[in-house]
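Subject: The model for you to look at

Hi,

Here is the structure I promised to send over. Could you open it and keep it beside this message while you read?

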Amino acid sequence: KFCLPEGMKTTKNFCHVPQIKGIDNPEGTADVGNPLITFTARTLTNGKQELQVIYVGPTSAATGNVYLARVPLSDFLGEWVEAEERLVCGMEGSYEVTVKRLSDGKELISVPRQTRAVWREGSTGMRPKGGIDRSFGEEGALKPQLRDEILRFADFSVEKVVR
């Protein structure tokens, strides 16, 4: 479960909240420069805010950003939501996610299971990362548009299932 703050400030640049990242290898050569999956809060050119679920495949696949879901950020602000992600790690893995608002049970995001490369080449594993990871722009140019934010989590669990 997580709750984004009411009035959360975003910019056109990234503001990742939960994300899934690769774990680098001891040599430091794994393809871990980009996260694999992000929930990204962003302001669009029309001024509206969105929450985007973005997949970025291995660098060798040159997928760029693949938008799995794009929904109004306003549906999330000040509301507790429950997210359930399932991923099967591997170059022929899969990813799926649903997010429901707790106050009324409304399903805000539904990404059905899709086969895709759910791995970073050379990595030793995958890991979740919570919190806010955002861009302040070149030389901090976007800082005046932002404020300190508090992202709340509850009942967080990660389960590794070996098959």
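Below are my notes on strands, core, salt bridges and surface. Please bear in mind throughout that this is a predicted model.

**Strand β2 and its partners**

A good place to begin is strand β2, which spans residues 15-23. Most of this strand is covered, with 8 of its 9 residues buried. Three strands can be followed from there:

- Strand β9 (residues 125-129) is antiparallel to β2, and 5 bridges link them. Within this pairing, Met 126 of β9 sits opposite Gly 22.
- Strand β3 (residues 37-43) also runs antiparallel to β2, joined by 3 bridges. Here Gln 19 has Thr 38 in β3 as its bridge partner.
- Strand β10 (residues 133-134) pairs with β2 through 2 bridges, again in the antiparallel sense. Look for Arg 134 in β10 opposite Cys 15.

**The β7 and β8 hairpin**

Next, please turn to β7 and β8, an antiparallel pair with 8 bridges between them. One position to check is Ser 94, which faces Thr 115 in β8 across the pairing. The two strands form a hairpin with 5 residues between them, and in this hairpin Gly 105 has a positive phi near 75°.

**The nonpolar core**

Which residues make the most contacts inside the largest nonpolar core? They are Leu 4, Phe 39, Leu 51, Phe 76, Tyr 95 and Ile 109, in a core of 30 residues. Two or more core residues come from each of β2, β3, β4, β5, β7 (90-101) and β8 (107-118). Of these elements, β8 gives the largest share, 5 residues.

Phe 76 is a handy residue to centre your view on. Leaving aside residues up to four places away in sequence, Phe 76 touches Leu 4, Leu 51, Val 71, Val 81, Val 99, Leu 108 and Ile 109. Leu 4, Leu 51 and Ile 109 also appear among the core residues with the most contacts.

**Salt bridges**

How many salt bridges does the structure hold? There are 7, and I would like to point you to some of them.

One joins the side chains of Asp 155 and Lys 1, with N to O at 2.7 Å. Asp 155 belongs to the segment after β11 (152-153) and Lys 1 to the segment before β1 (2-3), so this pair ties together parts 154 residues apart in sequence. Asp 155 is exposed, at 61% relative accessibility, while Lys 1 is partly exposed at 26%.

Another brings together the side chains of Glu 50 and Arg 70, at 2.9 Å from N to O. Glu 50 is in strand β4 (residues 49-56) and Arg 70 in strand β5 (residues 65-72), so the bridge ties together parts 20 residues apart in sequence. Is Glu 50 buried or exposed? Its relative accessible area is 13%, so Glu 50 counts as buried, the cut-off being under 20%. Arg 70, in contrast, is partly exposed at 45%.

Asp 133 and Lys 129 form a salt bridge too, and their closest N and O atoms are 3.6 Å apart. Both residues are partly exposed: Asp 133 has a relative accessibility of 24%, and Lys 129 has 28%. You will recognise the strands from above, as residue 133 falls within the range of β10 (residues 133-134) and residue 129 within that of β9 (residues 125-129).

**On the surface**

Please also look at Phe 153, Phe 156 and Val 158, which make up a nonpolar patch on the surface. Together they have about 300 Å² of accessible area. Val 158 is in the segment after β11, as is Asp 155 from the salt bridge with Lys 1. At 58% relative accessibility, Val 158 is exposed.

Lastly, there is Ala 61, in the loop between β4 and β5. This residue is partly exposed, with a relative accessible area of 46%. The C-alpha atoms of Ala 61 and Ala 117 are 9.0 Å from each other, although the two residues are 56 residues apart along the chain.

Happy viewing, and do write back with your thoughts.

Best wishes

Methods. Residues numbered from 1 in each chain as written. Predicted model: local features only at pLDDT ≥ 70, side-chain atom pairs only at ≥ 80, totals over all residues. Heavy atoms only, no water. Salt bridge = Lys/Arg side-chain N within 4 Å of Asp/Glu carboxyl O. Helix = DSSP H or I, 4+ residues; strand = E, 2+ residues; numbered from the N terminus. Buried < 20%, exposed > 50% of the residue type's maximum accessible area, 1.4 Å probe, protein only. Pairing = 2+ DSSP bridges. Core = buried A, V, L, I, M, F, W, Y, C linked by side-chain atoms within 4.5 Å. Contact = heavy atoms within 4.5 Å. Patch = residues over 30% accessible without salt bridge, like charges linked within 9 Å, V, L, I, M, F, W, Y side chains within 5 Å. Areas by Shrake-Rupley, 256 points an atom, 1.4 Å probe, with all protein chains shown as cover.
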